[in-house]
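Here are a few exercises to work through with the model open beside you. Try each task before you read its solution.

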Amino acid sequence: MAKKKLKMQDNDDDGGAEEEEPDFSDPEDYVDEVTDEELLGDLLRQKPKETDGVESVIIVDGVPSVGPERIDKLTNVVRKIFKEFGAILNEYYPINKDGETKGYIFLEFKDRAAAEEAVRQKNNYKLDKQHTFLCNLFTDFDKYEHIPEQFVAPTPEPYKDLGNMSYYLLDENCFDQFSIIFDGGTTTAIYLNSVPEAVEVAKRERWTETYVRWSPRGTYLATFHGKGIALWGGEEFRQVQKFSHPGVQFIDFSPCEKYIVTFSPHVDQRSEEPQSIIIWDTRAGQKRRSFNAERPPLWPVFKWSNDDKYFARIGEDMLSVYETPSFGLLDKKSIKVMGIKDFSWSPTDNILAYWIAEEKDVPAKVSLISVPSREEVRTKNLFNVADCKMHWQKCGDYLCVKVARYAKARREKNDVKYSGIYYNFEIFHMREKGIPVDSLEIKENIQAFAWEPVSNKFGIISGELPSVCVTFFQVNKGLAPTELKKLEKRPCNNLFWSPQGQFVVLAGLRNMSGALEFIDTKDFQVMKSTEHFMATDIEWDPTGRYVASCVSWWGHKVDNAYWLWSFQGKIIKQQTVDKFCQLLWRPRPPSRLTQQDIKDIKKNMKKYSSQFEVQDKMRFSKASREIIEKRQKEMATFTEYRKRMIEKYQEDKEERLKRRSGQDTDTLTSNEKDFEEEIVEFLVKKDTTQIEE
């Protein structure tokens, strides 16, 4: 109707002539500025690629040439060799006109990761004296066909001076830094934890899109962005490195900060080059190796040795250990471990601990192996095991395996249901000959476990509300662990040891009231019982002097704040921050002091304490910091001026002698007879006293 009415109106205007309908087609020379990627990005990512279906295919050369009567036998041998990498979906044995195999075969695995693992482990596999397998990915043939004939050396990048990346360690008062995120994640700030008031070091809007992360030794601050990760450092927190990895959500540094692992869980796994997990050289910013992620993804995928020389991951019935800087498999093969569930590195030695689940009549087992020799240094069989968790003491002296055991188990479809759960702690003495193992049984539910970082004590939280107990144990050489102290009916679900040991904070976080207890485990004195209502996080500073309790906006939408306490439980600062999200202390590198040095310092602490007390009084004096700094500046100026005048006085001595006919007046003393004495009297006070007659 609208179209018809429009035509009638036109007829009235132009004498009844009909107009043509408008043409909406683009002119011939029109160029569309919107790309297909912007309009159809999601669909184009799913578009089939030339490599679909062949990225999981490998070619194996060096296979024996056999006649039709021996093909079945050859097939069985090949399947047996390659079955450890997963199911072989397809296999093809080309034959010549006489029916004999041609000496090479095609194998298709379930995914690219399995094919890559087969190539890495079985390339140069010696079948017999005459035959050695040469394995390649099918997609590699196209890549190697287009290698330039002439080598072009890469252009060396100029050296980039990053400045003093460890300047924060030179603070004369040894104050630590911490970062906070607030305003719902839009603002990030870094503070120096000075006394009496913290000093802002840096503050930026939109510094990160999600959260921040300090590197293990505190050198870098990592921020997250849609296109990747950025690292910041130095006195002005300038950007020192960036890593392009779209959609990155998780990162992990190696212990010595040489490498950084980035993980983007939603990238297209069908690309020829893996894109989910990338390992980078932190300083150079170069990609060292990439991997595909498992489905469903687990994080962290890789776990690092303490010296950055090795990293490892779990596969299907195998443990793959890689070495740096080659980033290849150690000895070009994984360690076959049937039923492996989890593993962990020693924090101080290249020793791997892993545990294997029960399988029919085969018991569960915890094993320790040395790397790179792969020598098994200790094993422990376990029975009726539902789950295991491994906890290393920070110094690597002990390993505690928390074993959840069951009284009964029943299978329901693909799941196993356990009942009558109780716990055992299997404690491995790593520094003793033969690595003896102690056992400790706890019948109650275990809510938390934590080692004292630098000693042989550990604490556990057991039981259910309202009868939650906190128990501290000590590990002894040649004896079972002894109970040191049991604190009953405590409103807590977490315990946090000071990084320097001895002091511990018991906390009831998240779904509890935020109760806090500060305990000295030397004599188990409760130094302070208090609370930070609805606290979600506890963070010790790296020196063990201060501890922060936080109510994060990510956990609760009200009362967002962070409070700073001394290690004794004395409140130092209560800071309410709008939509406060996260507080992280800047880590410190390992101390270079020996244990003997630390003992000597503690022994002579009284000698230093007087100096510290003077400094503390200065900080807390009523005189403002500005006045003190002004006085110090004026005193320094005067001292410098006086020094210059004395030097000038000495330089002018020759001129003085000349003008005074060689008489050295600098050494003359004044003659008291040259002065006149004058006595002046002052009326200080006048009293009037009335005397009665």
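Before we start, a sorting rule: Ala, Val, Leu, Ile, Met, Phe, Trp, Tyr, Cys and Pro count as nonpolar, Asp, Glu, Lys and Arg as charged, and the others, Gly among them, as polar. This is a predicted model, where local features need pLDDT of at least 70, side-chain atom pairs count only at pLDDT 80 or more, and totals for chains, interfaces and linings use all residues. Numbering runs from 1 along each chain as its sequence is written, and side-chain values use heavy atoms, with hydrogens and water left out.

**Exercise 1.** Find the largest cavity and sort its lining by residue class.

*Solution.* Start with the term: on a 1 Å grid over the protein atoms alone, a cavity is a set of points where a 1.4 Å probe fits but cannot get out, and lining residues have an atom within 4 Å of a point. Grid points are joined across faces, edges and corners, and the volume is the space filled by probe spheres set on them. Next, search the whole structure: one cavity of 30 Å³ or more turns up. The largest cavity comes to about 70 Å³. Its lining takes in Asn 193, Ser 194, Val 195, Pro 196, Glu 197, Ala 198, Tyr 546, Leu 564, Ile 572 and Lys 573. Sorted, that gives six nonpolar, two polar and two charged residues.

**Exercise 2.** Work out how β13 is covered and what it pairs with.

*Solution.* Strands here are DSSP runs (E, at least two residues), numbered from the N terminus; two of them pair if DSSP finds at least two bridges between them. β13 spans residues 259–263, and five of its five residues are buried (under 20% relative accessible area, 1.4 Å probe, protein chains only). Now split the side chains: Tyr 259, Val 261 and Phe 263 point one way, Ile 260 and Thr 262 the other. That fits the rule that side chains in a regular strand alternate between the two faces of the sheet.

Then take the partners in turn. β12 (250–253) runs antiparallel to β13, joined by four bridges, with Asp 252 partnered by Val 261. Five residues sit between these strands in the hairpin, where Glu 257 has a positive phi near 70°. β14 (277–281) is also antiparallel to β13, over five bridges, and there Trp 280 stands opposite Ile 260.

**Exercise 3.** Lay out the sheet that holds β5 and β6.

*Solution.* The order is β7-β6-β5-β43, an open, antiparallel sheet of four strands. β7 (199–205) and β43 (582–585) are the edges, each pairing on one side only. Inside, β5 (177–182) and β6 (187–192) share six bridges, and Gln 177 faces Leu 192.

How values were computed. On a 1 Å grid over the protein atoms alone, a cavity is a set of points where a 1.4 Å probe fits but cannot get out, and a pocket is an open set with protein on both sides within 12 Å along at least five of seven lines; lining residues have an atom within 4 Å of a point. Buried means under 20% relative accessible area, exposed over 50%, partly exposed in between (1.4 Å probe, protein chains only).
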